[in-house]
Amino acid sequence: MTQTQQAQKILVTGATGTVGRQVVTELLARGHAVRALTRDPAKAGFPAGVEVVRGDLTDPDSLVPALEGVTGVHLITFGGAYFAPLETGPRILELARAAGVRRVTVLHGGEATPLEQAVRAADGLDWTVLMPVEFMGNALEWADGIVTAGEVREPFVSRLSAMVHEGDIGAVAAVALTEEGHGRQEYVITGPGLLTVGDKVATIAAARGREIALVELTEEEAVAQWRAAGHPEDVIGFLLEAYGNTPEVGRTVADTVEKVTGRPARTFRQWAAEHADTFRAGQA
């Protein structure tokens, strides 16, 4: 049996996050042992078989016990109670190399963060940068409006998105962490097709078995809605740019999922079916 076929132990940081949980799930499904790092193990809620350990990426030396005996590490670029960009990358990677870690994946933070830069500069490690586009799970933000009013209120409804199922991000990470051939790679991860807001709304409507109205907002109306929801001004600025002027990478389909995992990327229809109950709560 080759190394790529053997069960390995992988440390997943950010394990309770949206992507981290998917990395844990995919590693377990592939027969690997998982050690999940969290600041609060009591609230982790992982299935039996996951080793949950306490640690904080802002305090690299707290990771020493967690790194013992693992062959790969999944990293995030933000940490601490306020999710500030991590400045501890060099020390984390030094400790990882000393512990015998061979492979590292890092979830791209949307910009050239210090930790990601440290990963890219690391010697002696096979690193892979994961660069997913818009998450399919972002559509969960519509759940309240769909359940209570049967509508989605959004600006820029004709914008295109190659949005990705979070499980596929986890799947690509799991392969890169346990198999050869993914070192020093940058993987843009997308879904299998382009969707407008209308496409997404229609897909959710079909999954829940009831129509949903799509109300297009002006930019001004959208800003007022986001402010009412409590979004800070920097987030509102980001949303206006991301939705009103979606970068090419966010509206271009890549075949990364199929190339890396050997199976097609999951569709938004699959995602909507998985979450249909969230959008139909309270239906008669």
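Which residue in β10 is the bridge partner of proline 132? It is isoleucine 189, and this pair is a handy place to start a walk through the model, which is a predicted one.

Let us begin with the sheet. Strand β8, residues 126-132, is joined to β10 by 5 bridges, and the two strands run parallel. They belong to an open sheet of 7 strands, and if you trace across it you meet β3, β2, β1, β4, β7, β8 and β10 in that order, with parallel pairing. At the edges sit β3 (51-54) and β10, each of which pairs on one side only. Between neighbouring strands of this sheet there is an average turn of 20 degrees, ignoring direction.

Now look at the helices that lie across these strands. Helix α1 lies across β1, β2, β4 (72-75) and β7 (103-107), and its direction makes an angle of about 170 degrees with β1. Helix α6 lies across β1, β4, β7, β8 and β10, and runs at about 155 degrees to β7.

With sheet and helices in view, we can turn to the interior. In soluble globular proteins, nonpolar side chains tend to be buried together. Here the largest nonpolar core holds 28 residues, and those with the most contacts inside it are Val12, Val23, Val24, Leu27, Phe46, Val172 and Ile189. Two or more residues each come from β1 (9-12), α1 (18-29), β2 (33-38), α6 (166-178), β10 (185-189) and α10 (256-261). Helix α6 gives the most, with 6 residues. Isoleucine 189, the partner of proline 132 in our opening pair, is thus a name you meet again in this core.

Leucine 27 gives a closer view. Apart from neighbours within four places in sequence, leucine 27 is in contact with Ile10, Val12, His32, Val34, Ala174 and Thr178. There is also a second, separate core, made of 26 residues, and Val53, Val70, Val73 and Val104 are among them.

One of the contacts of leucine 27 is His32, so is histidine 32 buried or exposed? Histidine 32 lies in the loop between α1 and β2, yet it counts as buried because its relative accessibility is 9%, and the cut-off for buried is under 20%. Setting aside residues within four places in sequence, histidine 32 is in contact with Gln6, Ala7, Gln8, Leu27 and Thr178. To get a feel for distances across the model, compare its C-alpha atom with that of glutamate 241: the two residues are 209 apart along the chain, and their C-alpha atoms are separated by 40 Å.

Back in the sheet, leucine 75 is found in strand β4. Its relative accessibility is 1%, so leucine 75 counts as buried. Leaving out neighbours within four places in sequence, leucine 75 is in contact with Thr13, Leu57, Ile92, Leu93, Val104, Thr105, Val106, Leu107, Leu115 and Val119. Glycine 20 is 55 residues away from leucine 75 along the chain, and the C-alpha atoms of the two are separated by 9.0 Å.

Next, follow the chain past β10. Threonine 196 is in the loop between β10 and α7 (197-208), and with a relative accessible area of 18% it is buried. Beyond residues up to four places away in sequence, threonine 196 touches Val157, Ser158, Arg159 and Leu160. Valine 197 belongs to helix α7 and is buried, with a relative accessible area of 0%. With the same four-place exclusion, valine 197 touches Trp142, Glu154, Phe156, Val157, Arg159 and Leu214.

Phe156, one of those contacts, also has a backbone feature to check. Phenylalanine 156 has a positive phi of about 50 degrees although it is not a glycine, and it lies in the loop between β9 (151-154) and α6. Arginine 184, in the loop between α6 and β10, also has a positive phi, near 60 degrees, without being glycine.

Our last stop is a helix pair. Helices α8 (residues 219-228) and α9 (residues 233-244) pack at about 140 degrees, with axes 10 Å apart, and their crossing is right-handed. From α8, Glu219, Val223, Trp226 and Arg227 meet Glu233, Ile236, Leu239, Leu240 and Tyr243 of α9. By class, this contact has 6 nonpolar, no polar and 3 charged residues.

Methods. Residues numbered from 1 in each chain as written. Predicted model: local features only at pLDDT ≥ 70, side-chain atom pairs only at ≥ 80, totals over all residues. Heavy atoms only, no water. Core = buried A, V, L, I, M, F, W, Y, C linked by side-chain atoms within 4.5 Å. Buried < 20%, exposed > 50% of the residue type's maximum accessible area, 1.4 Å probe, protein only. Helix = DSSP H or I, 4+ residues; strand = E, 2+ residues; numbered from the N terminus. Contact = heavy atoms within 4.5 Å. Pairing = 2+ DSSP bridges. Axes fitted to C-alpha atoms, helices over the stretch in contact; angles between N-to-C directions. Left-handed = near helix turned anticlockwise from the far one by under 90°. Nonpolar A, V, L, I, M, F, W, Y, C, P; charged D, E, K, R; others polar.
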